[in-house]
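Dear colleague,

I am passing on to you the structure we spoke of, and below it I have set out what was found when it was gone through. Please read the notes with the structure open beside them.

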Amino acid sequence: MTAAVALQLPPSVAATQACCAHCGATAPAGARFCCGGCEAAYAIVRELDLDSYYLRRTLDPSRPPPRPDKVDVIEPAAYAEACGDNQYRIELAVHGLHCAACVWLVESVLGREPEVIRARLNATTGRLSLAWTGRREVADRLARRIAALGYRVAPIAADDARAIGDETAGLLRAMLVAGFAAANVMLLSVAVWAGAAGEMGAATRDLLHWISAAIALPALLYAGRPFARSAWSAIRAGHANMDVPITIGITLTALVSLHETALGGAHAYFESATMLVFFLLVGRYLDRRVRGRARSGVAHFLALSRVPAQVIRADGRLETVTPAALSTGDRMQVASGDRLPADGVLVSEATLIDTSLLTGEAMPRTVRRGALLHAGTVNLGPPIAVEVTAKGERTLVAEIARLVAEAEGGRAAYRMLADRVARRYAPTVHAIAAASFIGWIALAGADWRDAMLVAAAVLIITCPCALALAVPASGLVAASRLARAGTLLKSPTALERLAEIDTIVFDKTGTLTRGRPTLIRDGIADADLAAAAAIAAVSRHPLSRAVVEAASTVNPRTDVTEHPGLGLEAGAVRLGSRAFCGIDDRADAVGPELWLARPDHPPVRFRFEDPLRSDAVETVRRLQASGYRLALLSGDRPATVRHVAAELGIEDWAAGLTPAGKAARIAALAQHGARVLMIGDGLNDAPALAAAHASLAPALASDATSGAADAVFQGERLGAVVSLLDTARAAHRIARQNLLFALAYNAVAVPLAVAGGVTPLIAALAMSSSSMVVVGNALRLDRRRPA
Amino acid sequence: MNALLLLIPIALLLGLGGLALCLWAARSGQFDDLDGAGSRILFDDDKPIRRTKP
């Protein structure tokens with residue numbers, strides 16, 4: 001393991017390069033830390049004697065480094081719940097976990113606080129459950145403690161947290177009970193079948209049937225509820241889903257078997273019913289667990305948007321209130337690096353605003369007095385005063401969330417392939433069962449008990465085990481294969497919709513490109529770069545960061561002042577915009593740029609680009625070769641978008657679009673019959689993602705975007721799109737094969753059952769073998785070579 | 001066949017015991033964090049979280 005190897009290295013290794021000893025980001029040469037926050041975090045870890053954290057961890061370069069920011073220390077005390085005597089508990093979402101060592105560090109740091117009774121951080125969901133004794137307000141101190149280590153913390157309302165866990169937990173319990181019942185009933189049934197050759201007496205057989213009934217009936221009542229509930233709501237909505245024939249089949253089988261047992265009959269079908277329920281629950285539980293993870297991501301995003309506000313009262317006092325307590329017309333103060341809790345108009349002179357959460361664009365905007373600022377954006381300039389114009393449900397973030405919900409409502413109408421089949425299948429099967437019941441009485445003169453047994457056999461043999469597994473099995477194999485490659489599927493119907501795609505629409509920034517500016521090194525002397533980096537080191541501006549990143553050595557100057565929207569000044573040296581540096585150069589600016597002006601030196605221009613993802617060109621070419629129509633929709637300026645589109649060879653592009661505009665474009669494409677896959681990362685893409693036939697977002701996207709998308713891909717490579725579409729098509733093909741097989745199986749088995757030739761032994765054999773063929777066929781998907 | 005009267009209850013009781021164990025494990029959240037559980041054993045802490053008596 002990495003941990004074992006790392007343990008042999010001296011602790012100083014982490015600090016020998018120009019890497020911050022705490023967060024691993026570039027640090028000024030000679031310095032051990034990139035900023036004061038990291039130094040403090042390091043001190044906490046040292047003081048608690050937890051330094052082995054630095055040896056054990058593996059930082060994930062695709063995630064933000066664990067750098068403590070002033071941003072988003074949300075005071076969670078209000079969300080704490082009293083439990084028992086003088087004790088409180090709370091659920092917190094922790095963002096920025098890299099590996100198991102992070103989990104260990106957070107738990108250990110909290111565990112050493114004297115009040116803490118329990119601190120358990122779930123590595124899968126990033127949820128921390130915390131319990132302590134003493135006062136409610138202790139929560140604030142504990143949250144600040146975690147934030148000081150470089151993780152972002154936000155309270156989750158207890159209801160949100162529970163709703164997500166409850167369904168999966170219920171399915172798991174049902175699955176365990178069904179598994180127990182299926183195994184034991186099958187054991188008894190095998191004895192009955194073996195004894196049927198002659199040695200077992202009727203009394204023993206009846207006893208075994210009664211014991212089977214005693215196990216199977218309560219188990220079916222308990223474990224069958226998820227299907228019954230879903231079937232009931234489908235029937236009430238006026239259509240049939242797969243759960244309807246399942247529920248009817250199980251119920252009738254159980255009742256007929258009970259009736260047979262009571263009359264001392266030779267045949268009971270308890271094992272078929274319990275096995276069926278168990279198989280189906282396994283599939284459903286696995287499916288829900290994958291999606292529960294995705295849903296909790298959305299809940300965490302909602303938690304993060306709850307930033308407390310600082311209201312400036314009439315007498316100049318500052319008061320901290322929750323965003324809900326703000327009213328229109330209030331003046332709030334937003335410190336440097338803080339997120340805006342509500343929409344508002346800027347009252348201060350000017351500042352820099354990072355809108356990346358809303359637009360996905362990495363470059364902050366300069367805003368002046370009177371500009372409208374949105375909740376969720378971050379103030380990168382000096383402290384500002386803002387007059388509140390909208391809060392909560394009325395802010396832009398909430399508005400986008402509403403657009404997403406609306407568009408998703410439309411998509412919910414999508415019928416799954418399995419459901420489409422079920423709609424025809426269920427009535428047919430029930431008609432055949434009823435017909436054979438009547439037929440045996442009317443034509444063959446059988447008594448109603450025998451006729452009932454035949455009807456039950458028909459229902460069992462057709463009980464859509466293979467049919468119900470046909471589609472989920474291929475979906476599950478495809479999903480786990482994709483998950484190993486870093487693509488997470490969230491929607492149950494995503495694969496089917498992805499298989500139908502013919503048009504792909506890309507967002508630009510952060511999707512086709514990396515989403516952060518990089519310095520173009522051409523023609524810049526090392527000495528100039530070092531001088532610029534020395535000044536840029538103090539700034540949070542993305543361009544400054546890019547300069548610092550490009551420089552090999554950085555000796556930060558301490559005498560730097562930042563002029564928001566203009567640049568940085570240190571003595572006579574200036575780094576910033578053309579006008580700020582007093583340069584009279586009319587050269588065309590293609591992308592963002594910085595100028596370095598020093599006395600006695602010619603001014604130096606630094607140009608930046610947002611580079612394409614490394615395999616963007618190749619991916620676009622491969623998608624075009626596979627026959628997909630490609631388009632590029634961006635909120636960015638036309639010049640930049642045209643440049644990127646030309647580089648990639650995408651002919652169909654549009655620039656300067658609003659979130660609603662993007663969604664409208666997608667809707668227009670859909671109206672002309674296109675099945676659109678939207679790929680985007682910004683919150684501004686969220687409505688478009690929800691409006692498209694299927695959608696995909698990079699994992700680094702804002703959580704709301706990942707919430708709206710059907711699938712999320714991790715890592716730097718855009719090639720994930722190609723393999724996703726390939727796998728979706730393969731999964732669809734296999735699902736169709738499975739369905740065909742299941743129908744063919746029924747075509748053979750149903751006449752046999754109608755003719756009265758199916759005993760419980762044959763039913764069990766037929767059911768399990770058909771299920772195994774279907775699952776086996778689905779597993780073939782996993783053996784295909786990666787595209 | 002008399003042996004059945006003894007053996008079947010024993011088998012069922014053992015099975016029920018297993019089921020109860022699984023249900024307890026599910027209820028106490030042992031299946032909640034399958035990713036974390038695997039790596040947790042690698043972080044043997046010398047000073048575990050103290051359990052204060054209520």
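**Strands, rings and cores**

In chain A, Glu91(A) stands opposite Ser129(A), the latter lying in β4(A). Please keep in mind throughout that this is a predicted model.

That pair of residues belongs to a wider set of strand pairings. Strands β2(A) and β4(A) run antiparallel and are joined by seven bridges, while four bridges join β2(A), again in the antiparallel sense, to strand β5, which covers residues 152-155 of chain A. In this second pairing, Val94(A) is found opposite Val153(A) of β5(A). Strand β1 (residues 81-82) of chain A is also antiparallel to β2(A), with two bridges between them, and Ala82(A) has Tyr88(A) in β2(A) as its bridge partner. Four residues lie between the strands in the hairpin of β1(A) and β2(A), where Gly84(A) takes a positive phi near 75 degrees.

Turning to the aromatic rings, four aromatic pairs are counted over all chains. In one of them, Tyr88(A) and Trp132(A) are stacked, with 6.0 Å from centre to centre and 25 degrees between the planes. This pair links distant parts of the chain, since Tyr88(A) lies in strand β2 (residues 87-95) and Trp132(A) in strand β4 (residues 127-133), 44 residues apart. Are these two rings buried or exposed? Tyr88(A) has a relative accessibility of 17% and therefore counts as buried, because the cut-off is under 20%; Trp132(A) is buried as well, with a relative accessible area of 0%. Elsewhere, Phe33(A), Tyr42(A), Tyr53(A) and Tyr54(A) form one aromatic cluster, and Arg574(A) lies over the face of Phe580(A), at 4.3 Å from the ring centre.

The nonpolar residues come next. In soluble globular proteins, nonpolar side chains tend to be buried together. In this model the largest nonpolar core has 73 residues, and those with the most contacts inside it are Ile215(A), Val277(A), Leu281(A), Ile461(A), Leu467(A) and Leu739(A). Helix α7 (residues 158-195) of chain A gives the most to this core, contributing 14 residues. Leaving aside residues up to four places away in sequence, Leu281(A) touches Leu171(A), Ala174(A), Met175(A), Ala178(A), Ala223(A), Pro226(A) and Phe227(A). A second core, separate from the largest, has 45 residues, including Cys38(A), Leu110(A), Leu130(A) and Trp132(A), so that Trp132(A), which is buried, takes part both in this core and in the stacked pair with Tyr88(A).

There is also an open sheet of three strands in chain A, in the order β11-β10-β13, with antiparallel pairing. Strands β11 (365-368) and β13 (378-379) stand at its edges, and because each has a single partner strand, one side of each is left without a neighbour in the sheet. Strand β10 (residues 350-354) pairs with β11(A) over four bridges, and Arg368(A) in β11(A) is the bridge partner of Ala350(A).

One acidic residue may be worth a look on your screen. Asp206(A) is found in helix α8 (residues 202-223) of chain A, and with 19% relative accessibility it counts as buried, because buried means under 20%. Again leaving aside residues up to four places away in sequence, Asp206(A) touches Thr261(A), Gly264(A) and Gly265(A).

With best wishes

How values were computed
Residues are numbered from 1 along each chain as its sequence is written. Chains are lettered from A and ligands numbered from 1 in the order in which they are written. This is a predicted model: local features need pLDDT of at least 70, side-chain atom pairs count only at pLDDT 80 or more; totals for chains, interfaces and linings use all residues. Side-chain values use heavy atoms; hydrogens and water are left out. Rings of Phe, Tyr and Trp (its six-membered ring) pair if their centres lie within 6.5 Å; planes under 30 degrees apart count as stacked, over 60 as edge-to-face and the rest as tilted. Buried means under 20% relative accessible area, exposed over 50%, partly exposed in between (1.4 Å probe, protein chains only). A charge sits over a ring if NZ of Lys or CZ of Arg is within 6 Å of the ring centre and within 35 degrees of the ring normal. Two strands pair if DSSP finds at least two bridges between them. A nonpolar core is a set of buried Ala, Val, Leu, Ile, Met, Phe, Trp, Tyr and Cys residues joined through side-chain atoms within 4.5 Å. Contact means heavy atoms within 4.5 Å.
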